[in-house]
Amino acid sequence: PITTAGYLFQNPQIIEVISTMHIHNPVFLLAMLGIPRLSSAALNWSRRKPKPKRAKKGWRRTKTGWERLDLPPEAPLRIGVTFRPNECLQKTKSGDFLSVHYSGTLYSDDKEFDSSVSRQEPFVFQIGRKKMIDGWERGLMRMCIGEKRRLVIPSELAYGTVGAFGSESGKVKPGATIVYEVELLDILDEEGAAPHMVWGL
């Protein structure tokens, strides 16, 4: 009888015989070779259940996958400059009319709920007059024309405990943290802004 794996691998005739037997079960193969200790370990390994994945910090597991946890409502506004032009002749200030392109997504799963880019129409509004959510009022001050910013806005500075509906049929649930990618296209005076729709957001 074959008693060592070393003899098996040194004997090409035996390797050829085993290959014709189509043995796919490693436990049976090790037992046949007379290596009970190894076959027992292989049996235990084959019966081992995979460990459940632990929740990652700041994330939660759902039926559709992993989602980020929303920031606490009172968390600070996060302002990131993703592009800064070489020249900055004018910066935004309270009372200016701004023309921007933006895309709004949910912090939890990156789903888009609103976008002027999709509509192919710049968004014009007046800053510093409480017509916008606080995240925009604070996050778009002292911004250069051509500059791009990423605003991560906790619910207290966004849509609070009420939530909202976006233009892309997306829903912002109550207490949601939202993310806006904003590009400042131009700073207008009142006359220049008049032909455009001036919204509150």
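A disulfide is a pair of cysteine sulfur atoms within 2.5 Å. In general terms, a disulfide is a covalent bond between the sulfur atoms of two cysteines. The model described here is predicted, and it holds one disulfide. The two cysteines are C88 and C144, with a distance of 2.0 Å from S to S. The link of C88 and C144 is left-handed, with an angle of -95° about the S-S bond. Distant parts of the chain are linked by this pair, as C88 and C144 are 56 residues apart. C88 lies in the loop between β3 (78–83) and β4 (97–106), and C144 lies in the loop between α6 (134–139) and β7 (148–153). C88 is partly exposed, because its relative accessible area is 33%, whereas C144 has 5% relative accessibility and so counts as buried.

The strands β3 and β7, each of which borders one of these loops, also pair with each other. They run antiparallel and are joined by five bridges. One bridge is formed by F83, whose partner in β7 is K148. Strand β7 is also joined to β10, here by six bridges, and the two strands again run antiparallel. Across this pairing, R149 stands opposite V182 of β10.

In soluble globular proteins, nonpolar side chains tend to be buried together. In the predicted model, the largest nonpolar core has 26 residues. The members that touch the most other members are V100, F125, W136, L140, I153, I178 and Y180. Two or more residues are given to this core by each of β4, β6 (123–126), β7 and β10 (178–188). Strand β10 provides the largest share, five residues. The surroundings of V100 illustrate the packing. Beyond residues up to four places away in sequence, V100 touches S116, P122, F123, F125, W136, V182, E183, L184 and L185. A second core, separate from the largest one, has five residues, including A75, Y107, V152 and V179.

Eight salt bridges are present in the structure. In one of them, the side chains of R68 and D110 meet at 3.3 Å, N to O. R68 belongs to strand β2 (residues 65–68) and D110 to the loop between β4 and β5, so this salt bridge ties together parts that are 42 residues apart in sequence. R68 is partly exposed, because its relative accessible area is 23%. D110 is also partly exposed, with 46% relative accessibility.

A further salt bridge is formed by the side chains of K111 and D109, at 3.9 Å from N to O. K111 has a relative accessible area of 54% and is therefore exposed, while D109, at 26% relative accessibility, counts as partly exposed. Another salt bridge joins the side chains of E147 and R149, at 2.7 Å from N to O. Both E147 and R149 are buried.

The loop between β4 and β5 (112–115) also contains S108. S108 is buried, because its relative accessible area is 5%, and the cut-off for a buried residue is under 20%. Apart from neighbours within four places in sequence, S108 is in contact with R60, E67, R68, D70 and K173. R68, one of these contacts, is the residue that forms the salt bridge with D110.

Definitions and conventions. Residues numbered from 1 in each chain as written. Predicted model: local features only at pLDDT ≥ 70, side-chain atom pairs only at ≥ 80, totals over all residues. Heavy atoms only, no water. Helix = DSSP H or I, 4+ residues; strand = E, 2+ residues; numbered from the N terminus. Buried < 20%, exposed > 50% of the residue type's maximum accessible area, 1.4 Å probe, protein only. Core = buried A, V, L, I, M, F, W, Y, C linked by side-chain atoms within 4.5 Å. Contact = heavy atoms within 4.5 Å. Pairing = 2+ DSSP bridges. Salt bridge = Lys/Arg side-chain N within 4 Å of Asp/Glu carboxyl O.
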